[in-house]
Amino acid sequence: MHASVWRFRGDPDDLLRRYDAMVAEIPAASMRLHLCLRASDGMVLVDTCPSRAVFEEFLNGEPFRLLRDRHGLPAPERVEDFPVHAAFVEGARPVPMSHLRDGA
């Protein structure tokens, strides 16, 4: 599993409205582990993909850029990515540790 941190600067209320409209078009099943954080100066997304290759395809692909454009969500100021070492949701690991390492 691979995680990315996306930083968007701007009016948080405006960014979050645009994010909500954009996410309404994304099937919930494709959001395996995802967080949207309100920051004082914008919005931060934490997203996961099964592998770095899938992340790279998503980051550089036209479909997500077009979706952002359709909802007026700007390009992120910064995107960082990391292999996932461990993940917990409400005290449970959503996927086994071996699966996390397989996609690194």
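The exercises below, each with a worked solution, concern a predicted model.

Residues are numbered from 1 along each chain as its sequence is written, and side-chain values use heavy atoms, with hydrogens and water left out. Local features need pLDDT of at least 70 and side-chain atom pairs count only at pLDDT 80 or more, while totals for chains, interfaces and linings use all residues.

**Exercise 1. Find where His71 lies, and decide whether His71 is buried or exposed.**

Step 1. His71 is in the loop between helix H3 (62–70) and strand S4 (78–83). Helices (H or I, at least four residues) and strands (E, at least two) are DSSP runs, numbered from the N terminus.

Step 2. Buried means under 20% relative accessible area, exposed over 50%, and partly exposed in between (1.4 Å probe, protein chains only). His71 has 16% relative accessibility and therefore counts as buried.

Step 3. Contact means heavy atoms within 4.5 Å. With neighbours within four places in sequence set aside, His71 is in contact with Arg18, Ala21, Met22 and Glu25.

**Exercise 2. Compare the settings of Arg7 and Glu77.**

Step 1. Arg7 belongs to strand S1, whereas Glu77 sits in the loop between H3 and S4.

Step 2. Arg7 is buried because its relative accessibility is 14%. Glu77, at 45%, is partly exposed.

Step 3. Residues up to four places away in sequence are not counted here: Arg7 touches Ala39, Asp41, Met43, Val44, Pro76, Glu77 and Arg78. On the same basis, Glu77 touches Arg7, Phe8 and Arg9.

Step 4. Glu77 and Trp6 are 71 residues apart along the chain, and their C-alpha atoms are separated by 7.6 Å.

**Exercise 3. State how many disulfides the structure holds, and describe Cys36 and Cys49.**

Step 1. A disulfide is a pair of cysteine sulfur atoms within 2.5 Å. The structure holds zero disulfides.

Step 2. For Cys36, the nearest cysteine sulfur is that of Cys49, 16 Å away. For Cys49, the nearest is that of Cys36, also 16 Å away.

Step 3. Cys36 has a relative accessible area of 28% and is partly exposed; Cys49, with 9%, is buried.

**Exercise 4. Count the aromatic pairs, and classify the pair of Trp6 and Phe64.**

Step 1. Rings of Phe, Tyr and Trp (its six-membered ring) pair if their centres lie within 6.5 Å; planes under 30 degrees apart count as stacked, over 60 as edge-to-face and the rest as tilted. The count comes to three aromatic pairs.

Step 2. The ring centres of Trp6 and Phe64 are 5.6 Å apart and the planes stand at 75°, so this pair is edge-to-face.

Step 3. Trp6 is in strand S1 (residues 2–9) and Phe64 in helix H3, 58 residues apart, and the pair thus links distant parts of the chain. Trp6 and Phe64 are both buried.

Step 4. Ring pairs link Trp6, Phe58 and Phe64 into a cluster.

**Exercise 5. Describe the lining of the largest pocket.**

Step 1. On a 1 Å grid over the protein atoms alone, a pocket is an open set of points where a 1.4 Å probe fits, with protein on both sides within 12 Å along at least five of seven lines; lining residues have an atom within 4 Å of a point.

Step 2. The largest pocket has a volume (the space filled by probe spheres set on the points) of about 420 Å³. Of its 19 lining residues, the closest to the centre are Ile26, Ser30, Asp47, Phe58 and Phe64.

Step 3. The largest share of the lining, four residues, comes from S3.

Conventions. Ala, Val, Leu, Ile, Met, Phe, Trp, Tyr, Cys and Pro count as nonpolar, Asp, Glu, Lys and Arg as charged, and the others, Gly among them, as polar.
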